[in-house]
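Hi,

Here is the structure I said I would pass on. Have a look at it first, then read my notes underneath.

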Amino acid sequence: MWFFARDPVRDFPFELIPEPPEGGLPGPWALHRGRKKATGSPVSIFVYDVKPGAEEQTQVAKAAFKRFKTLRHPNILAYIDGLETEKCLHVVTEAVTPLGIYLKARVEAGGLKELEISWGLHQIVKALSFLVNDCSLIHNNVCMAAVFVDRAGEWKLGGLDYMYSAQGNGGGPPRKGIPELEQYDPPELADSSGRVVREKWSADMWRLGCLIWEVFNGPLPRAAALRNPGKIPKTLVPHYCELVGANPKVRPNPARFLQNCRAPGGFMSNRFVETNLFLEEIQIKEPAEKQKFFQELSKSLDAFPEDFCRHKVLPQLLTAFEFGNAGAVVLTPLFKVGKFLSAEEYQQKIIPVVVKMFSSTDRAMRIRLLQQMEQFIQYLDEPTVNTQIFPHVVHGFLDTNPAIREQTVKSMLLLAPKLNEANLNVELMKHFARLQAKDEQGPIRCNTTVCLGKIGSYLSASTRHRVLTSAFSRATRDPFAPSRVAGVLGFAATHNLYSMNDCAQKILPVLCGLTVDPEKSVRDQAFKAIRSFLSKLESVSEDPTQLEEVEKDVHAASSPGMGGAAASWAGWAVTGVSSLTSKLIRSHPTTAPTETNIPQRPTPEVPAPAPTPVPATPTTSGHWETQEEDKDTAEDSSTADRWDDEDWGSLEQEAESVLAQQDDWSTGGQVSRASQVSNSDHKSSKSPESDWSSWEAEGSWEQGWQEPSSQEPPPDGTRLASEYNWGGPESSDKGDPFATLSARPSTQDRSRLSWPGRSARSGGGRWRPNAPRGRWPRAP
């Protein structure tokens, strides 16, 4: 029977990557990149080849091998595995790069920030403090070649070859015999008399001073160069001078050196070092401290190194959410760090957490997910959206908190392209129908109409035919004026989805009824839409061969052109409309209070003004059916609005700062729309496409809700639509034909609405806002 000896190198669970070793190590070890055979995870492998006649160096290498296995500290190079044979020594550690190579690469990429150096030196000094003060060991080899950097940018202390005990056990320091390393020895070592008084840390602190000099100035040519600090920062120079002083007795202990540098205004007193120290102790911090830390973390991430964010901050954020009950506060920094990840890493690390978050019942968590959806929607596939996310999101349509309902509506603009047939054309339309007809908040009804206009291109042809016309027609009868404007703009934004018959028989009659709307902004948009639809009809009438081209999108399964336009409007859903409700409410204080803007950090709760409920058009079974509102039914004016009853928590923040930067709806929006309409001349000779292009340029869906960038007051003498004497007997100097019309009333006041000069009880001249368009109400 034959027995074969096993090869320990072949059976070793780690292997070297076939490439030349990394340079920068003047000692006996050669550094190679390696990987674990089972998983392929990267590691670093230090290899020492035993050579005949080098017994002294072999003993040094074996001593370093033993130190690596026994010393464990976060700032010392982490030992994973090892192999010792008669021919070689292998020490496997975490994947690292020599500091010299790392600094050179960072200089070529734009330079290393002082924040990174401050934390790196903090780690090396802390490792020295552990060795000297806790283990009574002298490192005896602190230099550039003994420092390594991991993938997170953390500095690790290695080079344990020449370490010895500070208590004298095991003899004195081993002889190095390498000139490149002996140049870092302090001057007192040359004095063999032994009369120089020194502390056990004195030699290592001198070498630390040499390391600091080399980090900022490059390789140390000779010991005399230490007298010139060179590029060392001024806040570090006094402490550096203590390290390289001629008297070894006054060199500070590593612990005291850290304390001095961490003093206010010191080199290591900065946000980056404080963040790292907190992350090291996060497991023992109180929940309130963790909440405050994560809330403030997002502001600092932009100044932190990318590798640090990816490999150190991100794992802590994921751990805090998974096991620490951190909640919604981790979302903002989590998505900010996610920008540094590749698509594959994002799928592996962020998406599983996001999917789990959507099932949370925490309102703050849900609303922040909806507000920041654009940051991760591109990484979600359609099956995940339809089966794991959309079923949880739709619960927001039924939430009693208006802010949740509004954010849910706006999120549909991002989710719609990924929804399947049933979720998009059935489930979503059912919720939109209920919101548009029954929601007590006028701005939410308005936002629903706007969102429907933008996702209309994704609907099936049958759903578009059944939904769009009746939905926008219903919006034109909404008591909330911006909702009526949204209905008009909805018709305009989806103009290519209607047949010529629908344009002539269904849409134009509705728009014509709005030409006598009490609000001038509604009338302006209605006139503009009417001109565009008439131009389209006239063009087809003059050239019937255009009919097929004009109606090409009507029965199409999808409309790529409109889809691209909707995609370009995505900013509306996550930025512009965040303050839309606030702008609407400021100029319509009697309808519904404002929703909040996207919060970045929690602030004390801001009380909202007591609102007056907005009557909504009723619906039947949640379907899109046009219905006449009962003209003699008045709603109870004391209906309680639940806006102020909700626990807003941190959702009210930054609303005031956004409002301060935007003009009031009534001061800027209506004047700008009036000027746009007055400056646009309709010409029947234009093609339909040119008319719609003009619409988009002058009064587009996007621009219809955007406020002017400045808050300049209107010129002297300018009158707003709300300042007209809609129902009074005074005559208008400008001869406005609508100056005598009553403003659109609330439901409880409709019984008293009448034309000027006629008895309200006679009913002969009563204005009925919801009477069928195209004819006047008959006198009894």
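**Strands 2 to 5**

Strand 3 and strand 5 (residues 88–93) run antiparallel to each other and share six bridges. Strands here, and the helices further down, are DSSP runs numbered from the N terminus (E and at least two residues for strands, H or I and at least four for helices). Two strands count as paired if DSSP finds at least two bridges between them. Before going on, some housekeeping: this is a predicted model, where local features need pLDDT of at least 70 and side-chain atom pairs count only at pLDDT 80 or more, while totals for chains, interfaces and linings use all residues. Residues are numbered from 1 along each chain as its sequence is written, and side-chain values use heavy atoms, with hydrogens and water left out.

Back to that pair of strands. Tyr 48 has Leu 89 of strand 5 as its bridge partner, and Ser 44 sits opposite Thr 93 in strand 5.

On its other pairing, strand 3 (residues 42–49) goes with strand 2 (residues 30–36), again antiparallel and over six bridges. Arg 35 is opposite Pro 42 of strand 3. The two strands make a hairpin with five residues between them, and Gly 40 in the turn has a positive phi of about 80 degrees.

Strand 5 also pairs with strand 4 (residues 79–84), in the antiparallel sense over five bridges. Here the hairpin connection is three residues, and Asp 81 stands opposite Val 92 in strand 5.

How covered are these strands? In strand 3, six of the eight residues are buried, and in strand 5 it is six of six. Buried means under 20% relative accessible area, exposed means over 50%, and partly exposed is in between (1.4 Å probe, protein chains only). In a regular strand the side chains alternate between the two faces of the sheet. For strand 5, both faces are covered: Cys 88, His 90 and Val 92 are buried on one side, and Leu 89, Val 91 and Thr 93 on the other.

**The whole chain**

Zooming out, the protein chain has 31 helices and ten strands. Of its 780 residues, 53% count as buried. The accessible surface comes to about 35,600 Å², with 52% of that belonging to carbon and sulfur atoms; areas are from the Shrake-Rupley method with a 1.4 Å probe, and for residues only the protein chains shown count as cover. Among contacts (heavy atoms within 4.5 Å) with a separation of 6 or more, 69% are between residues 24 or more positions apart.

**Cores and a helix**

The largest nonpolar core has 92 residues, and Leu 428 and Phe 432 have the most contacts inside it. Its largest share, eight residues, comes from helix 11 (residues 306–323). A nonpolar core here is a set of buried Ala, Val, Leu, Ile, Met, Phe, Trp, Tyr and Cys residues joined through side-chain atoms within 4.5 Å. Leaving out residues up to four places away in sequence, Leu 428 touches Phe 390, Phe 397, Met 412, Leu 419, Asn 423 and Ile 455. There is also a second, separate core of 70 residues, which includes Cys 210, Trp 213, Leu 226 and Leu 258.

Helix 21 (residues 481–493) is worth clicking on too: 13 of its 13 residues are buried. From first C-alpha to last it reaches 18 Å, close to the 18 Å expected at 1.5 Å a residue (that is, 1.5 Å times one less than its number of residues).

**Cysteines**

You may want to know how many disulfides the structure holds. The count is zero, taking a disulfide as a pair of cysteine sulfur atoms within 2.5 Å. Cys 143 is in none, and its nearest cysteine sulfur, in Cys 210, is 9.4 Å away. That distance is too far for a bond. Both residues are buried, Cys 143 at 2% relative accessibility and Cys 210 at 1%.

**Around helix 10**

Is Gln 283 buried or exposed? Gln 283 is exposed, at 58% relative accessible area, and it lies in the loop between helix 9 (271–280) and helix 10 (287–300). Beyond its neighbours within four places in sequence, Gln 283 contacts Lys 290, Gln 316 and Thr 319. Ser 298, by contrast, is in helix 10 and is buried at 9%. Ser 298 touches Thr 332, Pro 333 and Lys 336, not counting residues up to four places away in sequence.

Cheers
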